[in-house]
Amino acid sequence: MSHPGENLKINADRLWDSLMEMAKIGPGVAGGNNRQTLTDADGEGRALFRQWCEAAGCSVGVDTMGNMFAERPGEDPEALPVYVGSHLDTQPTGGKYDGVLGVLGGLELVRTLNDLGVKTKHPIVVTNWTNEEGTRFAPAMLASGVFAGVHTEDWAKDRVDHEGLRFGDELKRIGWEGDEPVGARKDKMRAMFELHIEQGPILEAEGKDIGVVTHGQGLSWTQVTITGKEAHTGSTPMPMRRNAGLGMARVLEAVDAIALSHAPNAVGAAGHIEVFPCSRNVIPGKAVFTVDFRHPELEVIEDMEQRLRFEGDRIAKEMGLEIDYEKVGGFDPVKFDETCVAAVRNAAERLGYSHRDIISGAGHDACWINQVAPTAMIMCPCVDGLSHNEAEDISKEWAAAGADVLLHAALEVAEIVE
């Protein structure tokens, strides 16, 4: 394989300007972004991305789940494309970089190749996967999951948000339901690389430029519903209460203990919590919350799930409550393709960037695509490891280093034509 010279670098200023321009769409209330999937803002962000891709000479295809594919042709019409990309949707209080860096880093890669007149044997496709975040429509990584055959398209399109709006209807409403059959490309992919901010503190703390992602930890989401009895907080004697809120608190204590028992790699908490009727002077009659367990080994995740049910049943029985569990999301731990991982590591070495192997603590579209094509991820540091927060921050230099590694890793697999 031919290796491009060390002098091949992306345009750091142009990448940064693109990130800042995209951040103007769906601004948050505190300097970040609220560009949730299939909102008007998502539609606007997609339109800007398409415009940029077409200006860079790419043809843009959209599939029936709204996934966008911007293709820069290769010299060999038979050669399988190399994919790069991530997602443009954000959390309700999201940052400017989560997902967006991977999409616009891919676009910058194409622009750089155009500037330098570099041709590749294999086409390069920049991808925006729909609804990676899963905040508005659970589960996360929804459209890449349909693409990879993990979910059916009908099931995905029937997902509803908290207002009861259907995914399929909202996709049509914003005008981004394409005509390409979802997954039509999955058997014709040479590889995929996803550049992403770390969303954790390790790289920054160790002063490393690049995280070479070898594995993705598995995830399990269990929605727990505890039912007790609504009653007056003032006039109901303590022994006669069936307090669903207190039951939830005790289960969450157990969740913490279960995760800590598998230290240091296991994590567990509930971020989605609702109590009903949520009135100051009514003892909660119902509590609904989602327990999120993660670990790089499947057996540990399964153990944590089982213990959640055992502890939950015990607590509910002691307190005279009813408890139900529903697995609402999850994926098995991921081992990324060794050749693609090596391409990332080689790129960092050739470019002189400090690097370390790392396990992704979050789920990413690459985790599903890894099931249908050789895949790897590149991470850049993130200030204080803070993400899914409007204060999420990276430096222009970190972004550029990550995009440089993306460029060189993709070129190693896409093969430069001299």
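The exercises below work through selected local features of a predicted model, each with a stepwise solution.

Residues are numbered from 1 along each chain as its sequence is written, and side-chain values use heavy atoms, with hydrogens and water left out. Because this is a predicted model, local features need pLDDT of at least 70 and side-chain atom pairs count only at pLDDT 80 or more, while totals for chains, interfaces and linings use all residues.

**Exercise 1. Aromatic pairs**

Classify the ring pair formed by W129 and F147, and state which parts of the chain this pair ties together.

Solution. Rings of Phe, Tyr and Trp (its six-membered ring) pair if their centres lie within 6.5 Å, and planes under 30 degrees apart count as stacked, over 60 as edge-to-face and the rest as tilted. The structure holds seven aromatic pairs. In one of these, W129 and F147 lie 4.9 Å centre to centre with 70 degrees between the planes, which makes the pair edge-to-face. Helices (H or I, at least four residues) and strands (E, at least two) are DSSP runs, numbered from the N terminus. W129 lies in the loop between β5 (124-128) and α4 (142-147) and F147 in helix α4, so the pair ties together parts that are 18 residues apart in sequence. Both W129 and F147 are buried, where buried means under 20% relative accessible area, exposed over 50% and partly exposed in between (1.4 Å probe, protein chains only). Finally, F69, Y83, W129 and F147 form one aromatic cluster.

**Exercise 2. A second ring pair**

Determine the geometry of the pair formed by F331 and W368, and locate the two residues.

Solution. The ring centres of F331 and W368 are 5.7 Å apart and their planes stand at 75 degrees, so this pair is edge-to-face. F331 belongs to strand β13 (residues 322-331) and W368 to helix α11 (residues 365-369), so that the pair links distant parts of the chain, 37 residues apart. F331 and W368 are both buried.

**Exercise 3. Cysteines**

Explain why C380 and C382 are not joined by a disulfide.

Solution. A disulfide is a covalent bond between the sulfur atoms of two cysteines. The criterion applied is a pair of cysteine sulfur atoms within 2.5 Å, and a search of the whole structure finds zero disulfides. For C380, the closest cysteine sulfur is that of C382, at 7.6 Å, which is too far for a bond. C380 is buried at 0% relative accessibility, and C382 is buried with a relative accessible area of 0%.

**Exercise 4. The surroundings of S360**

Describe where S360 lies and which residues it touches.

Solution. S360 is found in strand β15 (residues 355-360) and is buried, with a relative accessible area of 1%. Its side chain is joined to that of H364 by a polar contact of 3.2 Å; such a contact is a pair of N or O atoms within 3.5 Å, where within protein one must be able to donate a hydrogen and the other to accept it, and residues adjacent in sequence count only if both atoms are side-chain atoms. Leaving aside residues up to four places away in sequence, S360 touches V213, H215, G216, Q217 and M379, contact meaning heavy atoms within 4.5 Å.

**Exercise 5. Backbone geometry**

Identify the peptide bond from A138 to P139 as cis or trans, and then examine phi at L38.

Solution. The bond from A138 to P139 is cis, with omega near 5 degrees, and P139 lies in the loop between β5 and α4. L38 has a positive phi of about 60 degrees although it is not a glycine. L38 lies in the loop between α1 (12-23) and α2 (40-55) and is buried, with a relative accessible area of 0%.
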